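Subject: Structure handover

Hello,

Here is the structure you asked for, with the sequence alongside. My notes on what was found in it follow below.

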There are 2 protein chains.
Amino acid sequence: MTENDKQTEEKIFEAATEVFTERGMDGARMQDIADHAGINKALLHYYYRTKDHLFNAVFEKIAGQMFKKFAPVFDEKLSLEEKIRFFFKEHITFLQKNPRLPGFLLNEINRNPGRIKKLIQQIDVNKLWLILEAQHKDELKKYNITKETMPQLMSSIAAISVFPFAARGILEGIFEKMNINFNDYMEERKGYAADFVIKAIKK
Amino acid sequence: MTENDKQTEEKIFEAATEVFTERGMDGARMQDIADHAGINKALLHYYYRTKDHLFNAVFEKIAGQMFKKFAPVFDEKLSLEEKIRFFFKEHITFLQKNPRLPGFLLNEINRNPGRIKKLIQQIDVNKLWLILEAQHKDELKKYNITKETMPQLMSSIAAISVFPFAARGILEGIFEKMNINFNDYMEERKGYAADFVIKAIKK
DNA sequence: TTTACATTTGACCGTTTGGTTAAACTATAT
DNA sequence: ATATAGTTTAACCAAACGGTCAAATGTAAA
């Protein structure tokens, strides 16, 4: 009943997450999801009426996870440099555990840019800047950070953290001949990226 | 005729490029490509036997274009800093004219990592480092650049240039509320990115 | 004009796809 | 035990899909 219920619905959701993140919305097959969940295909439609419903459930959960990972930076009582180190360490560690999320998200956002905008509209970027400014008022004078350059800086930080996972196939192809392991590279990147960014923004 | 022949084949290729880059391999429909080219669907199979053939033709051309854009840096007789500025200016300008290529390529590489590896195997990364070292022997002492940190640096440069186009949907969502135009942001990025990287690598 | 060959088309085919349905199964409360 | 309601299944369906084919059209040489 309610116990088993949750089990089945969750099994479906997990199977759908696996298949959708691997093949994308267009490439995913309902039969394949059913097989992964070890159930009948009709049962998918019993819990999630259509493929779209199921996909949206998966997409919104993943997108939410991704964005939440950017938030803790504002809570922590750390210096600016420490925050940057903290972010790269936490974010890359998260992506190491979920290496397919970046590619999946970027692809689905390109396929349907409208969907993500609803989630983004909830973020008050102006407020975020005010918080950051208040937290590091004196500290900020030592860095080339202004409200105007924030978009460039933030997108660069996101790029450095996210891009390697989205472009993993290319990087692994290149690394193969250099005897470099992708996981080692990613582990090293936590520190390299932080040093890189901190040096870049210092006055 | 050979004249008309080229016209038709090219029309198909261009239509296929448009549809494939917009919808991806799985999302693209042969009928849609035929409509875009203004021809019968059977004619697609006359020139390109299968959807796979047509897709591979498009993919390899686009992947080739993308990688070639990284090459001129090694030919130009410029200082290291000038090369970095040259790269971001040229590469971002290219992507401004082809904004869908990054998302398309990253997605298709994730869908089939094996395909790109054949193209990559042709690149001799070790040789590239030797060239760079020879070109900037003395100059390199002023920067934190070694053979060991090259992968981190190069992937960061690529990330800063490519990521905004792949994540355009997210960025535009955020920029909307800040009254920032994506094209203005991209134009500004050519200089910002160069400054950013140069500062990051200076000793 | 006829011949030979390449190009283009509409109609068609078998398969795969997301989705439906009626019946079977399960568990709980009476 | 039996009625009730939720759960699961096998069988099925219509639409969409990539691909085929024979016939029609265009073209250039003999």
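**How the two copies meet**

Of the interface residues of chain A, 100% are also interface residues in chain B, so the two copies meet through the same surface. Please keep in mind that this is a predicted model.

Chain A can be superposed on chain B by a turn of 180 degrees with a shift of 0.0 Å along the axis, and the RMSD is 0.0 Å. The two copies are thus related as by a two-fold rotation axis. If you want to find that axis in the viewer, start from A:Ala200: of the residues of chain A, its C-alpha comes closest to the rotation axis, at 2.1 Å.

**The interface of chain A and chain B**

In contact across this interface are 54 residues of chain A and 55 residues of chain B. The size of an interface is often given as the accessible area lost when the parts come together. Here the area buried between chain A and chain B is about 4,700 Å², and carbon and sulfur atoms give 62% of it. Three residues, A:Gln152, A:Phe163 and A:Phe196, supply 14% of the area that chain A buries against chain B, more than any other three residues.

As for polar pairing, the rule finds 23 residue pairs in polar contact across the interface of chain A and chain B, counting pairs with both residues at pLDDT 80 or more. Six helices of chain A give two or more residues each to the side that touches chain B: H1 (2-27), H6 (101-111), H7 (113-121), H9 (150-166), H10 (168-178) and H11 (182-201). H9(A) gives the most to that side, with eleven residues. By residue type, the side of chain A that touches chain B divides into 28 nonpolar, 13 polar and 13 charged residues.

Side chains of opposite charge can pair when their charged atoms come close. Two salt bridges are found across the interface of chain A and chain B. B:Lys117 forms a salt bridge with A:Glu176, with the closest N and O atoms 3.5 Å apart.

**DNA strand C**

Which residues come nearest to DNA strand C? Of the 18 residues around the strand, they are A:Arg29, A:Lys41, A:Lys51, B:Tyr46 and B:Tyr47. Of the atoms of DNA strand C within 4 Å of the protein, 59% belong to sugar or phosphate, and the rest belong to bases.

Phosphate oxygens of DNA strand C come up in these places:

- A:Lys51: a polar backbone atom is 2.6 Å from a phosphate oxygen of the strand.
- B:Tyr46: an N or O atom in the side chain is 2.6 Å from a phosphate oxygen of the strand.
- A:His45: an N or O atom in the side chain is 3.4 Å from a phosphate oxygen of the strand.

The elements that give two or more residues to the surface near DNA strand C are helix H3 (41-47) of chain A, together with helices H1 (2-27) and H3 (41-47) of chain B. H3(B) gives the most, with four residues. The residues of this surface divide into nine nonpolar, five polar and four charged.

**Chain A by itself**

Chain A has eleven helices and zero strands. Its C-alpha trace spans about 60 × 45 × 30 Å along the principal axes.

The structure holds 16 salt bridges over all chains. One pairs the side chains of A:Arg111 and A:Glu108, at 2.7 Å from N to O. A:Arg111 and A:Glu108 are three residues apart in helix H6 of chain A, so about one helical turn separates them.

Regards

Technical notes: Residues are numbered from 1 along each chain as its sequence is written. Chains are lettered from A and ligands numbered from 1 in the order in which they are written. This is a predicted model: local features need pLDDT of at least 70, side-chain atom pairs count only at pLDDT 80 or more; totals for chains, interfaces and linings use all residues. Side-chain values use heavy atoms; hydrogens and water are left out. Contact means heavy atoms within 4.5 Å. Buried area is the accessible area (1.4 Å probe) that two parts lose on being put together, summed over both. A salt bridge is a side-chain nitrogen of Lys or Arg within 4 Å of a carboxyl oxygen of Asp or Glu. A polar contact is a pair of N or O atoms within 3.5 Å; within protein, one must be able to donate a hydrogen and the other to accept it, and residues adjacent in sequence count only if both atoms are side-chain atoms. Ala, Val, Leu, Ile, Met, Phe, Trp, Tyr, Cys and Pro count as nonpolar, Asp, Glu, Lys and Arg as charged, and the others, Gly among them, as polar. Copies are superposed by least squares on the C-alpha atoms of residues with pLDDT of at least 70 in both. A residue is near a molecule or strand if one of its heavy atoms lies within 4 Å of it.
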